[in-house]
Amino acid sequence: MKVERIQAPRGTKDVLPEEAKRWRAVEQAVDEVGELFGFGEIRTPAFESLRLFKRAVGEETDIVSKEMYLLQSKGDSSEEFALRPELTAPVVRAALENSLLSGQSDCLRLYYNSQPNFRYEKPQLGRLRQHHQFGTELLGPADPFADAETISFAIAVFRKLGLKNFRVRLNSLGSPESRAAWKEVLVPYLRQHFDKLSKDSQRRTETNPLRVLDSKAPEDQEIVRNAPIILDYLSADDKAHFTTLKSALESVGIECNIDPLLVRGIDYYTRTVFEVTSSDLGSQDALCGGGRYDNLVEQLGGPPTPAVGFGAGIERLLIALEKAEMLRLAEEQALIYIVALGPEAKPKAFETAGLLRAAGLRTMYDLLSDRSMKAQMREANREGATHVYIIGESELQDGAGMLKNMQSGEQIKVAFESLVSHMMGVGSSEPNYIIHHS
RNA sequence: GUGGGCGUAGCUCAGUUGGUUAGAGCGCCAGGUUGUGGCCCUGGAGGUCGUGGGUUCGAAGCCCAUCGCUCACCCCA
């Protein structure tokens with residue numbers, strides 16, 4: 001009988017047990033940093049009203065115009081939905097919907113962890129159709145230290161995980177007024193060199209001139225290099241904001257590369273934009289991207305509320321950590337493997353495992369039927385058992401099993417009823433991962 | 001979306017200009033040790049050569065399509 005195998009959808013990945021340990025290490029690090037910074041966790045639905053993204057991210061952006069998964073809705077609702085391609089808009093929506101902003105003059109500090117995002121793209125290493133992000137959103141503060149706080153949150157996670165070979169790129173896109181002034185100079189400049197620009201950049205000159213700046217096409221490089229830069233068109237306030245941010249980051253040892261060519265593909269950004277890239281990643285090298293979005297909350301129907309945040313890709317972070325061989329998982333705590341010989345021993349093994357587990361001791365036993373001692377021992381060894389507790393016919397008779405230390409090979413008889421207390425002296429409660437820093 | 005590379009056992013890979021029963025290492029299972037793991041020795045299981053067509057006396061190798069991975073672009077986390 002030949003049955004067609006159904007595959008996982010293109011651009012999605014299964015996370016298997018070994019890999020899942022690495023995921024948990026990253027997720028733990030994010031939660032710890034969130035705790036450390038006093039941010040509260042938020043989780044939002046995987047799909048939202050399509051209008052949310054059209055309004056927030058921008059209808060002309062690639063993300064909205066060609067990368068969204070649209071959902072067909074049942075019933076008579078004419079509402080269209082989309083799997084979320086990013087998290088800032090949903091988080092802002094949730095904050096407004098749950099009145100998190102009203103009645104408090106303080107700022108709202110939110111973070112999210114391991115949240116799936118969906119974009120219909122051609123898959124590549126580090127570019128999936130479903131990928132996961134952690135990130136933050138600070139709603140309320142206009143202060144440049146909020147920008148510094150945001151970047152430093154991201155860096156704290158990376159440092160905690162021992163990531164190296166990463167670089168922070170920073171730029172300011174200015175307030176809408178500054179940007180308009182700059183565009184008035186930039187667009188004529190690009191038109192002036194129109195013939196020499198790459199096809200893509202010619203198109204972008206009209207649709208999204210900012211994006212010409214981070215073109216990688218060789219023929220664009222010189223034109224881009226001599227193009228008017230936004231930093232020269234910033235208002236006094238924009239400039240002061242940027243300067244304060246730069247020195248704040250410097251004061252905590254976060255090195256930034258000011259990159260006037262850094263633009264980002266989402267419409268809502270104002271002033272600060274930044275990106276963290278890794279040299280261990282190939283062409284999809286952005287680990288984290290974010291910036292300030294002072295007008296978005298209002299655009300989504302809230303009160304005028306300045307805000308800043310970032311999103312970071314977990315799959316990419318894991319690739320970078322693996323390339324640099326950074327994330328080492330520590331050896332596990334004690335593990336007891338019960339070897340049961342014969343059908344009479346199995347119930348006793350199950351019962352004993354229950355007692356050990358109730359006492360917080362990791363315990364396993366063979367789930368296959370009637371396997372030889374050799375097979376069970378081999379599996380115990382493979383699973384990394386520190387101890388094996390053997391229950392056979394004679395052990396059942398005299399009420400005591402054989403406890404073997406797998407490292408030394410020594411074995412002693414331990415009565416069924418005293419096994420738990422005996423093992424309690426052996427177990428440890430080490431954390432299940434450690435991180436190497438150099 | 002555009003252009004290039006790849007697809008042989010669970011994994012990493014061999015497979016000579018198309019030529020009989022498609023191989024290795026690791027892993028897995030069993031035996032050597034009638035109730036003792038790791039090391040060693042012996043044996044075994046496991047492959048519609050990604051899938052579907054085509055060319056040919058004959059295809060893992062050639063041609064076409066398709067699926068998947070991958071690299072660069074586009075875009076981005």
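The legends below describe close-up views of a predicted model of chain A with RNA strand B. Local features need pLDDT of at least 70, side-chain atom pairs count only at pLDDT 80 or more, and totals for chains, interfaces and linings use all residues. Residues are numbered from 1 along each chain as its sequence is written, chains are lettered from A in the order in which they are written, and side-chain values use heavy atoms, with hydrogens and water left out.

**View 1. Domains of chain A.** Chain A is divided into domain 1 (17–175 + 235–327) and domain 2 (335–435), with bounds from an automatic or database domain assignment. Taken over C-alpha atoms, the domain centres are 47 Å apart.

**View 2. Surface near RNA strand B.** A residue is near the strand if one of its heavy atoms lies within 4 Å of it. There are 48 residues around RNA strand B, and Arg204, Arg211, Arg264, Ala286 and Arg378 come nearest. Of the strand atoms that come within 4 Å of the protein, 56% belong to sugar and phosphate. The surface has 12 nonpolar residues (Ala, Val, Leu, Ile, Met, Phe, Trp, Tyr, Cys and Pro), 19 charged (Asp, Glu, Lys and Arg) and 17 polar (the others, Gly among them). Helix α13 (373–382) gives the most, with 7 residues. Helices (H or I, at least four residues) and strands (E, at least two) are DSSP runs numbered from the N terminus.

**View 3. Polar contacts with RNA strand B.** A polar contact is a pair of N or O atoms within 3.5 Å. A polar side-chain atom of Lys122 lies 3.0 Å from a base oxygen of the strand. Backbone N or O atoms of Cys288 and Gly289 lie 2.8 Å and 3.0 Å, respectively, from a sugar or linking oxygen of the strand.

**View 4. Salt bridge between Arg292 and Asp147.** A salt bridge is a side-chain nitrogen of Lys or Arg within 4 Å of a carboxyl oxygen of Asp or Glu. The side chains of Arg292 and Asp147 meet at 2.7 Å, N to O. Arg292 in strand β10 and Asp147 in helix α5 (residues 144–160) are 145 residues apart. Arg292 is buried at 0% relative accessibility, and Asp147 is buried at 1%. Buried means under 20% relative accessible area, exposed over 50%, and partly exposed in between (1.4 Å probe, protein chains only).

**View 5. Salt bridge between Arg51 and Glu79.** The N to O distance is 3.5 Å. Arg51 lies in helix α2 (residues 50–57) and Glu79 in the loop between β3 (70–71) and β4 (81–83), so the pair ties together parts 28 residues apart in sequence. Arg51 is exposed at 51%, whereas Glu79 is partly exposed at 25%.

Terms used: A polar contact is a pair of N or O atoms within 3.5 Å; within protein, one must be able to donate a hydrogen and the other to accept it, and residues adjacent in sequence count only if both atoms are side-chain atoms.
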